[in-house]
Structures are given as C-alpha cells and as structure tokens.
Amino acid sequence: MSAAVLQQPFVERFREPNTPYLSPARVGDFFGFRVQELAERAHVHRNTPTSRPQAPQLQKYLQDMIRALAVATEMTGDAERAAFLLRNEPLRAFGYKTADTLVQEGRVEDVIAYLESLAGGAAG
C-alpha cells in the first residue's frame with residue numbers, strides 16, 4: 001500500500017464535506033480555535049473562514065497546520081497530544097516560539113524539518 005493511501009484517512013477527517021478543500025470549522029474545532037482566532041492565525045478577514053472557506057490564503061494555513069500535525073502525530077502516536085504540543089511546547093531552537101507560532105509566520109518547513117530531526121535523534 002502506498003503512503004498516500006495510508007495518510008488519506010488522517011487528512012480526510014479535516015475535509016469540508018463534498019469539497020476538495022479543508023474545513024476551517026473542523027480544523028478549528030480540533031485545535032480549539034474559535035473562528036476569529038483561526039482567521040487571525042491565517043492572516044485573513046475574520047469572516048473568511050465562514051464566508052469563503054476555500055480562500056487560498058486560508059487553505060494554505062490550514063494545509064500547513066495539518067502537515068505539521070501529521071508529522072507530530074507520527075512522532076507521538078496520538079493526534080490530540082500532537083496538537084497540544086504544537087500549540088504549547090516552546091521550542092528552544094526557535095527562541096522558545098511554539099510550532100503553532102512558526103506556522104503562523106509561514107515557517108512550516110522549518111517546523112517539519114525540526115520535528116523530523118527530533119524523530120531521527122539529531123536535535124533536542
């Protein structure tokens with residue numbers, strides 16, 4: 001079985017029903033973000049998550065959060081624990097910013113590389 005097939009159910013839980021994009025409501029609920037918080041994190045207007053959930057900038061942020069969550073879940077074995085750590089664990093290598101803050105800053109690649117290095121035992 002390919003890796004894409006294995007990952008599909010994880011991503012699918014965040015899909016807007018009958019659409020090809022992620023649901024701001026589902027991602028927000030999972031991470032414990034209110035709609036306005038989600039909009040602030042994605043740097044979009046406060047109404048965008050409900051009025052234009054397919055907006056490219058919003059979708060990019062949601063995709064980045066889910067990518068980071070997928071890596072963290074792989075490490076911890078528990079999506080809820082991974083979400084908690086992404087939101088709350090200060091990362092020394094990044095000036096004690098959280099992974100959530102880094103994703104908001106557009107640094108998801110740095111977060112993923114860092115998490116993968118931890119999984120490999122190279123950092124921490």
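Here a biologist quizzes a modeller about a predicted model of one protein chain.

Modeller: Quick ground rules: this is a predicted model, where local features need pLDDT of at least 70, side-chain atom pairs count only at pLDDT 80 or more, and totals for chains, interfaces and linings use all residues. Residues are numbered from 1 along each chain as its sequence is written, and side-chain values use heavy atoms, with hydrogens and water left out.

Biologist: What makes up the protein chain, in helices and strands?

Modeller: Eight helices and zero strands. Helices (H or I, at least four residues) and strands (E, at least two) are DSSP runs, numbered from the N terminus.

Biologist: How do you know that the radius of gyration agrees with a compact globule?

Modeller: The rule for a globule is 2.2 Å times the number of residues to the power 0.38, with the radius taken over C-alpha atoms. For 124 residues that comes out near 14 Å, and the protein chain has 14 Å, so the two agree.

Biologist: Why is Gln-59 called buried?

Modeller: Buried means under 20% relative accessible area, exposed over 50%, and partly exposed in between (1.4 Å probe, protein chains only). Gln-59 has 6%, so buried is the right word. This residue lies in helix α5. Leaving aside neighbours within four places in sequence, Gln-59 is in contact (heavy atoms within 4.5 Å) with Tyr-21, Leu-22, Pro-53 and Gln-54. Across the protein chain, 41% of the 124 residues count as buried.

Biologist: What makes a group of residues a nonpolar core?

Modeller: They must be buried Ala, Val, Leu, Ile, Met, Phe, Trp, Tyr or Cys, joined through side-chain atoms within 4.5 Å. The largest such core has 35 residues, and Phe-14, Phe-31, Tyr-61, Ile-66, Leu-69 and Leu-86 have the most contacts inside it. Helix α5 gives the largest share of this core, nine residues. As for Phe-14, its contacts beyond four places in sequence include Phe-30, Ile-66 and Leu-69.

Biologist: Why is the pair Glu-80 and Arg-13 called a salt bridge?

Modeller: The term needs a side-chain nitrogen of Lys or Arg within 4 Å of a carboxyl oxygen of Asp or Glu. Glu-80 and Arg-13 meet at 3.6 Å, N to O, and that fits. Glu-80 lies in helix α6 and Arg-13 in the loop between α1 and α2, so the pair ties together parts 67 residues apart in sequence. Glu-80 is partly exposed at 47%, and Arg-13 is partly exposed at 38%. The whole structure has nine salt bridges.

Biologist: What makes Lys-60, Asp-64, Arg-67 and Glu-109 one network?

Modeller: Their salt bridges share partners. Arg-67 meets Asp-64 at 3.8 Å, and Arg-67 also meets Glu-109 at 2.8 Å. Asp-64 and Arg-67 are three residues apart in helix α5, so about one helical turn separates them. Glu-109 sits in helix α8, so its bridge to Arg-67 ties together parts 42 residues apart in sequence. Asp-64 counts as buried at 6% relative accessibility, whereas Arg-67 counts as partly exposed at 35%.

Biologist: How do you know that the span of α8 agrees with what a helix should give?

Modeller: The expected span is 1.5 Å times one less than the number of residues. The 13 residues of α8 should span 18 Å, and its end C-alpha atoms are 18 Å apart, so α8 passes. Its buried residues include Val-111, Ile-112 and Leu-115, and what covers the buried residues of α8 includes α5, α6 and α7.
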